[in-house]
Amino acid sequence: MAINLLGKEARGPSKIEVARNVLTRTSAIFLVFYMILVVSIVGILFLFNRGLQSEESVNSSLSERVNSLKETEGTLLFLKNRVKLAREAFAQSSNDEIVGRIVSLVPAGAEIMEIVSEDKGFLITVRTPDSQTLVSFFEVIKEQGFPRVVLVSLNQTRDGDYLVSLEIE
Amino acid sequence: MRRSSFFRDYQLYKPVAGPALVLVIVLILSLTLGRFLVGRLFETREKIAEVKKQNEVLNAKLAILESLGTGTLSQELEVAVQAIPSSDSTLFALATIRQLANERNLVINNLRVVATDIGGEKRPGQIRKVELRFDLQGGIIPTISFLDELRNSAPLMKVTKVRSTISGASSLTNFSILSSWSPLPESIGKVDDPVQTLSSEEQRLLTGMTGLRPPQGVEPVVPAPPQGRENPFAF
């Protein structure tokens, strides 16, 4: 049986003492870092809260000023609503204009028998006394540059008049 | 025997117990209080950003609203409500048609009013239509002039069908006309909802509406815009 006769000081620190030292240092470092972190976060939070309060006070003042102009806002909203609806109505009214234009351009001697205007376009029936007037009418239509013109019917009456129906889009 | 072993172990580990406990407490606090504080930090930052954004919108809104003259705006609204009435437009459309026909010595026959929106549930702000069908008898030129002037008259009307039979200088024309109306919006939204001024296209349309000839004898009522409450119909 071996007996260690060396003193405690000569033997060096035991495993427990090493562990205690390491743990003490580590926990001290952690504690210091933790305290710094908490103090920093609380400080930043305080500054943030002050900033928030200031922004909220600006917000409530602005809201109050905007509220005092509610009548103007309502009128503007109504106006925009009416204009939006009117846009559709203006966009739809082009057909009537074309009908009026064509009627005013029908050559002398020709007689409009019928005009039917619908959503997509219109149908026009014209009576002309001779072929020259008929050609003039076709030229007038050609000059208008419509995207689609369909000759629906071309007849000659017993009187020698021409009866032409065009579908214009 | 057992008790003395535990007592011996405790005596052995007593020096490390204190620092270990501190370390554990710090770690637990980091996971609880630390997490909570960091969470609050991000939350507050987000809230600041949100309020700042709201303030920007409010500032822009205020600048727009302050730049608008209430008087001019009300006059423009009056014109716009004449073009697209806020209540049933049948009477206004009839007044305009009668006025235009009388001025041109045209005779109106077989007048019928057809409601095109029967049964359907309509949302506020959605357009509603009334169809007017009638025969117009008279000269060709006055009839064309009637058609032309109809485009320049309030309320706005769309000619959906024209069937004209011409004999000599006179004509018999069957008209189908759609007249639109729509109730005004009931609420003006939240205080921080952004507003926009009229775009140049909208301004152009509004100028076009200013040129429309209003019907005589009847005038559409322009309701006052909602004030105070965001939704005037909500109690």
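Begin by selecting the interface of chain A and chain B in this predicted model, where the rule finds 14 residue pairs in polar contact, both partners being at pLDDT 80 or more.

Next, colour chain A by its secondary-structure elements: α2 (15-68), α3 (70-92), α4 (94-105) and β1 (111-117) each supply at least two residues of the side that touches chain B. Keep α2(A) selected for a moment, since the largest share of that side, 27 residues, comes from this helix. If you then colour the side of chain A that touches chain B by residue class, its residues divide into 32 nonpolar, 15 polar and 17 charged.

For the charged pairs, note that the rule finds five salt bridges across the interface of chain A and chain B. To inspect one of them, select A:Arg87 together with B:Glu202, which form a salt bridge whose closest N and O atoms are 3.8 Å apart.

Now move to β1(A) and show it with strand β3 (residues 157-167) of chain B: the two run antiparallel and are joined by four bridges. Within this pairing, centre the view on A:Glu114, which stands opposite B:Thr165 in β3(B).

Finally, widen the selection to the whole contact, in which 64 residues of chain A meet 88 residues of chain B. The two chains bury about 7,200 Å² between them, with 72% of it on carbon and sulfur atoms. Show A:Tyr34, A:Phe78 and A:Arg82 as sticks to end the tour, because these residues supply 11% of the area that chain A buries against chain B, more than any other three residues.

Terms used. Residues numbered from 1 in each chain as written. Chains lettered and ligands numbered in written order. Predicted model: local features only at pLDDT ≥ 70, side-chain atom pairs only at ≥ 80, totals over all residues. Heavy atoms only, no water. Contact = heavy atoms within 4.5 Å. Buried area = accessible area lost by both parts, 1.4 Å probe. Salt bridge = Lys/Arg side-chain N within 4 Å of Asp/Glu carboxyl O. Polar contact = N/O pair within 3.5 Å; in protein donor to acceptor, adjacent residues only side chain to side chain. Nonpolar A, V, L, I, M, F, W, Y, C, P; charged D, E, K, R; others polar. Pairing = 2+ DSSP bridges.
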